[in-house]
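Reader: I would like to go through the reasoning behind some of the labels used for this model, one at a time. Please set each value against its cut-off before concluding.

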Amino acid sequence: MNGTMKKILAVALGSALTIGTIIVPPQTAQAADNKAVFTPIYLDGKNWQNSDDHWKSQAEFSLWYDASKDTATQLSTDYTISFKFYFPVGLIKHMKNKDGNALLDIGSSVTMWNANGEGGDENYLGRLESINDVCVYYDPDAKVPFLDEGSDTFKYSKLQKDGDYYVLTVTDLPTQAKMYNEDTDSYDKDVDTSVAGYESLGIVLNSDNIKDSSFIALDDVTLKKNGAVDLSENIDGDSVRPLYLYCEAIGASGDRTLTPSTLSTSILSVNKAQVSVKKGKKTTVKITAPSVAKISYKTSNKKVATVTSKGVVKGVKKGKATITVSAAGVSKKIEVTVK
């Protein structure tokens, strides 16, 4: 996608919602399904649209049509958006500011394209944004994230804990009736429903408080038009229409088509809790974690055993040491015996 498309698809929406008086803590979810798409969260303003008015940390997904295979349909003013966001439990440690109410802000929008542009190019018509962003707040006393029961997005949203993740499920979140007008900086642009065109869906996470490398996962994305499914991708390979699922590679060069990866309720697992190695020899710690996760290794005693950033353990002298493996706020310990 070119720079114009990137700018259109980015969703840096609105300000924080007023927090209601009732805190709704997350419930326990059922086990995560088999596949999702993952992307890192880009930190410290390293994104192409950053300014004083934008967020410091961001991650974005775009569900994109394939004009060579897809069929243009009549545009509408009646769209709803559904998706699941998985974010690591360890991410909530960043959701604290001096007021105790820092948040993750998840915006979504439908971008519309005219199918009758010259040379076969689809002309950009505008975008319909959701009625508001879905915001996840932090309760410093209970030390859990929560949704605001007083927000206008609450009845479309559910927050649950699933193993090492919190899962935000958004179901049939409506869009606004009019498009955002870049000339007036307001929502006053009518949708021409007589036009046949294509829709794409953008979903973005924003935050000002994330400082360490982390990631999010996306699953079960659906865009409905006039109550019927228009775009759908359950990430496991079945989709209603042929689609591309992109991640806006913010802070990097260009977009990338996302490849589904296994989604487990455990962010990090090790194949052995105890290993042995001879003095002067090496062994490699074997772990399972999302490919986007930043893995760190630490030894409790360098005089007994050392460990590299790749998880290679070397026996230094006879004794015992503990290797701690960490990813996205989850840690596992491996007891090493040097013989």
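Reader: Why is Lys84 called partly exposed?

Author: In this predicted model, Lys84 has a relative accessibility of 25%, and because the partly exposed class lies between the buried limit of under 20% and the exposed limit of over 50%, Lys84 counts as partly exposed. Asp220 is placed in the class by the same reasoning, since its relative accessible area is 26%.

Reader: What makes the pair of Asp220 and Lys84 a salt bridge?

Author: The side chains of Asp220 and Lys84 meet with an N to O distance of 3.7 Å, and because the criterion asks for a Lys or Arg side-chain nitrogen within 4 Å of a carboxyl oxygen of Asp or Glu, the pair qualifies as a salt bridge. Asp220 belongs to strand 16 (residues 215-225) and Lys84 to strand 6 (residues 79-88), so the salt bridge ties together parts that are 136 residues apart in sequence. A search of the whole structure finds five salt bridges.

Reader: How do you know that Lys178 and Asp190 form a salt bridge, and which parts does the pair tie together?

Author: Their side chains meet at 3.2 Å, N to O, which is within the 4 Å limit. Lys178 sits in the loop between strand 12 (165-174) and strand 13 (179-181), while Asp190 sits in the loop between strand 14 (186-189) and strand 15 (196-207), so the pair ties together parts that are 12 residues apart in sequence.

Reader: What makes Asp190 exposed?

Author: Asp190 has 52% relative accessibility, and because exposed means over 50%, the residue counts as exposed. Its partner Lys178, at 36%, counts as partly exposed, since that value lies between the two limits of 20% and 50%.

Reader: Why is the contact between Glu199 and Lys225 called a salt bridge?

Author: The closest N and O atoms of Glu199 and Lys225 are 3.0 Å apart, and this is within the 4 Å cut-off. Glu199 lies in strand 15 and Lys225 in strand 16, so the pair ties together parts that are 26 residues apart in sequence. Both Glu199 and Lys225 are buried, which means that each has under 20% relative accessible area.

Reader: What makes the link between Thr337 and Lys320 a polar contact?

Author: The side chains of Thr337 and Lys320 make the contact at 3.0 Å, and the distance limit for a pair of N or O atoms is 3.5 Å. Thr337 lies in strand 29 (residues 330-338) and, at 23% relative accessibility, counts as partly exposed. Beyond four places in sequence, Thr337 also touches residues including Val275, Ser276 and Gly319, and its C-alpha lies 6.4 Å from that of Val277, although Thr337 and Val277 are 60 residues apart in sequence.

Reader: What makes strand 22 and strand 25 edge strands?

Author: The open sheet of four strands has the order 22-29-28-25, with mixed pairing, and strand 22 (274-277) and strand 25 (296-299) each pair on one side only. Strand 25 pairs with strand 28 (residues 319-327) in the antiparallel sense over four bridges, and because two strands pair if there are at least two bridges between them, the requirement is met. One bridge partnership joins Ser296 to Ser326 of strand 28.

Reader: Where should the coordinates be read with caution?

Author: Over residues 45-54 pLDDT stays under 50, as it does over residues 249-253. Where pLDDT is low, the predicted coordinates should not be read in detail.

Key:
Residues are numbered from 1 along each chain as its sequence is written. This is a predicted model: local features need pLDDT of at least 70, side-chain atom pairs count only at pLDDT 80 or more; totals for chains, interfaces and linings use all residues. Side-chain values use heavy atoms; hydrogens and water are left out. pLDDT is the predictor's confidence in each residue, from 0 to 100. Contact means heavy atoms within 4.5 Å. Helices (H or I, at least four residues) and strands (E, at least two) are DSSP runs, numbered from the N terminus. Buried means under 20% relative accessible area, exposed over 50%, partly exposed in between (1.4 Å probe, protein chains only). A polar contact is a pair of N or O atoms within 3.5 Å; within protein, one must be able to donate a hydrogen and the other to accept it, and residues adjacent in sequence count only if both atoms are side-chain atoms.
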